[in-house]
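Hi everyone, thanks for making the time today. Please pull the sequence and the structure up on your screens, and we'll walk through them together.

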Amino acid sequence: MYYDMVYEDYTKRETRFLHAVVKQYGKDFAESWKILEPACGSGRLLESLAQCGHTVHGFDRNRNQVSYAKKRLKKLSVKTKVWQDSLQDFKIEKAGSYDLTHCFVTTFKYLLKEKDAVASLKLMSQALRPGGLCLIGLHLTNYKDNPADYEKWVNRRDDVKVVSETWSEPAKIKQRTEAMRTRMTITEKGKTRVEETLWDFRTYSAAELKSLLAKIKTLELVACHDFHYNIRQKRKLNDAYTDIILVLKKK
Ligand SMILES: C[S@@+](CC[C@H](N)C(=O)[O-])C[C@H]1O[C@@H](n2cnc3c(N)ncnc32)[C@H](O)[C@@H]1O
């Protein structure tokens, strides 16, 4: 719930953006789509897209996230599927049956090995029907201009206040990792508690991302956008701008 509060605005923007993307690049889509969200977390986007009338399936490696997502979708009384699985080795009920698969907020960078990133993209591609779309949103690293970074979000709902802070260390170029830390400060009914998480992300320059994509012969890059989620604003896959959303189409 606290995570969802932080991402509340993004959820609305990403949902609108996905509809704009399908209108722009998915000419053969029906009104209702079958969607797969790998690493769906709390299910905030599963819920939002189910509310738009789509069939949503999602998985996450974290059991707590899976049960939270399941619970929230149950309330909608729509047919959904959420299970525990991993990005690099997931199983789906029917290959070639999904219209759309998406993986936002840099989640793809949790895959620290190239072979896992390749495996994951291949599995996403196998899940899609020809003409289906795969969207990946991640933060690129410009190794020539690579300072430590800090971001902060504050959100309030009723008597709950959540402050979310994220630090990223400069990339370790040889290892292709960046150390990440988030701190969530939650104040509820006058009491404050702090939750911290530390992890590593794999880093990608534009060239490294292009080289990864070249290994997935069944997906074609049709456009790039950024975290402003503006369909009219296209980006090039280069190091000039670090937030990138890849729009890939199944051949
Ligand atoms: C930042 S959250 C994003 C969740 C969701 N996609 C969203 O946009 O709200 C990242 C999620 O990725 C999951 N995750 C990280 N590595 C994973 C892996 N190898 N396989 C499956 N899930 C993974 C975590 O458990 C977490 O729920």
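Start with helix 1, residues 2–25, which lies across strand 6, strand 7 (160–168), strand 8 and strand 9. Relative to strand 6, helix 1 runs at about 100°. Before I go further, please keep in mind that this is a predicted model.

Now the strands under that helix. Four strands make an open sheet with antiparallel pairing, in the order 6-7-8-9. Which strands stand at the edges? They are strand 6 (149–157) and strand 9 (191–202); each has a single partner strand, so one side of each is left without a neighbour in the sheet. From one strand to the next, the twist averages 15°.

If you'd like one pair to look at, take strand 8, residues 177–188, and strand 9: twelve bridges join them in the antiparallel sense. Along that pairing you'll find Met184 opposite Glu195 of strand 9.

Let's move over to the other sheet. This one is also open, with seven strands in the order 3-2-1-4-5-11-10, and its pairing is mixed. The edges here are strand 3 (80–84) and strand 10 (219–225); each pairs with a single strand, so one side of each has no neighbour in the sheet. Here, too, the twist averages 15° from one strand to the next.

For a parallel example, try strand 2, residues 55–60, which is joined to strand 3 by five bridges. Gly58 is the residue opposite Val82 in strand 3.

Two helices pack on this sheet. Helix 2, residues 44–51, touches strand 1 (34–38), strand 2, strand 3 and strand 4 (98–103), and its direction makes about 175° with that of strand 2. Helix 3, residues 63–74, touches strand 2 and strand 3, with its direction at about 170° to that of strand 3.

Last stop, the ligand. How many residues surround it? There are 19, and the closest are Tyr3, Ala39, Arg44, Asp60 and Leu87. Sorted by class, that shell holds eight nonpolar, six polar and five charged residues.

For the polar contacts, let's begin with the side chain of Arg44: one of its polar atoms lies 2.6 Å from an oxygen atom of the ligand. The backbone takes part as well. A polar backbone atom of Ala39 is 2.7 Å from a ligand nitrogen, and a backbone N or O atom of Leu87 lies 2.8 Å from a nitrogen atom of the ligand. As for cover, the ligand on its own has 590 Å² of accessible area, and the protein covers 93% of that.

That's my tour, so over to you for questions!

Definitions and conventions:
Residues numbered from 1 in each chain as written. Predicted model: local features only at pLDDT ≥ 70, side-chain atom pairs only at ≥ 80, totals over all residues. Heavy atoms only, no water. Near = heavy atom within 4 Å. Polar contact = N/O pair within 3.5 Å; in protein donor to acceptor, adjacent residues only side chain to side chain. Areas by Shrake-Rupley, 256 points an atom, 1.4 Å probe, with all protein chains shown as cover. Nonpolar A, V, L, I, M, F, W, Y, C, P; charged D, E, K, R; others polar. Pairing = 2+ DSSP bridges. Axes fitted to C-alpha atoms, helices over the stretch in contact; angles between N-to-C directions. Contact = heavy atoms within 4.5 Å.
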